[in-house]
Amino acid sequence: MTQPQNDTNQLPDDLIENLIRSLEHTEEEECTCDDVYAVVDQYAEAEFRGEDVQRLMPLVKQHMELCHNCCEEYEALLDILEKNDPT
Ligand SMILES: [Zn+2]
């Protein structure tokens, strides 16, 4: 696994791993809107950094495709990240 070395606004890897683990534990259940709202900012940041969100948070990704509200929230966050990006 390659690690991006820019450390602007990076989430610690162990936080992401905990997140993945907590999502994996609820694999038999559908991801709820509350679950997605809890991680949507981290999801948007991961997506923004070009990480493989499909692999990192498959349930969130899946929920995003099904739930218009959560998808809008995510797109709004991504929009903010893009506007704040100095490059
Ligand atoms: Zn939702």
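Buried residues account for 16% of the 87 residues in the protein chain. The model is a predicted one. The protein chain contains five helices and zero strands, and from the N terminus on its elements follow the order α-α-α-α-α. Of the contacts in the protein chain between residues at least 6 apart in sequence, 68% connect residues at least 24 apart.

Helix α2 comprises 16 residues, residues 33-48. At 1.5 Å a residue, a span of 22 Å is expected for α2, and its end C-alpha atoms lie 21 Å apart, which agrees. A bend of about 55 degrees is nevertheless present in α2 at valine 39. Val39 itself belongs to the buried residues of α2, together with Val36, Val40, Tyr43, Ala44 and Glu47. After α2 comes glycine 50, which has a positive phi, near 80 degrees.

The loop between α2 and α3 includes arginine 49. Arginine 49 has 15 other C-beta atoms within 10 Å and is therefore partly exposed, since a residue counts as buried from 20 such atoms and as exposed at 12 or fewer. Between arginine 49 and asparagine 9, which are 40 residues apart in sequence, the C-alpha to C-alpha separation is 10.0 Å.

The packing of α2 against α5 was examined next. The axes of the two helices, α2 and α5, cross at roughly 35 degrees and come within 9 Å; the crossing in which α2 passes α5 is right-handed. On the α2 side, the residues that meet α5 are Cys33, Val36, Tyr37, Val40, Asp41, Tyr43, Ala44, Glu45, Glu47 and Phe48. Their counterparts in α5 are Asn69, Cys70, Glu73, Tyr74, Leu77, Leu78 and Leu81. Among the α2 residues that meet α5 are Val36, Val40, Tyr43, Ala44 and Glu47, which are also listed as buried in α2.

Valine 36, located in helix α2, illustrates this packing at the level of one residue. With 23 other C-beta atoms within 10 Å, valine 36 is buried. Apart from its neighbours within four places in sequence, valine 36 contacts Cys31, Val60, His63 and Cys70. The C-alpha atoms of valine 36 and glutamate 73 are 9.7 Å apart, although 37 residues separate the two along the chain.

Two of the contacts of valine 36, Val60 and His63, are themselves buried residues of α4, as is Met64. These α4 residues cover an arc of only 105 degrees around the axis, so they are on the same side of α4. An α-helix has 3.6 residues a turn, so residues three or four places apart point the same way. The cover over the buried residues of α4 includes α2 and α5 (68-84). Exposed residues Glu65 and Leu66 are carried on the face of α4 turned away from its buried side.

Ahead of α4 (58-66), methionine 57 occupies the loop that connects it with α3 (53-56). Despite this loop position, methionine 57 is buried, because 26 other C-beta atoms lie within 10 Å, against the 20 required for that class. Methionine 57 and isoleucine 16 are 41 residues apart in sequence, and their C-alpha atoms are separated by 9.3 Å in space. The two loop residues described here thus fall into separate classes, methionine 57 being buried and arginine 49 partly exposed.

Notes:
Residues are numbered from 1 along each chain as its sequence is written. This is a predicted model: local features need pLDDT of at least 70, side-chain atom pairs count only at pLDDT 80 or more; totals for chains, interfaces and linings use all residues. Helices (H or I, at least four residues) and strands (E, at least two) are DSSP runs, numbered from the N terminus. Two residues are in contact if their C-beta atoms, placed from the backbone, lie within 7 Å. The expected span of a helix is 1.5 Å times one less than its number of residues. The bend at a residue is the angle between axes fitted to the seven residues ending there and the seven starting there. The arc is that of the directions from the helix axis to the C-beta atoms. Axes are lines fitted to C-alpha atoms, for helices over the stretch in contact, and angles run from 0 to 180 degrees between N-to-C directions. A crossing is left-handed if the near helix is turned anticlockwise from the far one by less than a right angle, and right-handed if clockwise.
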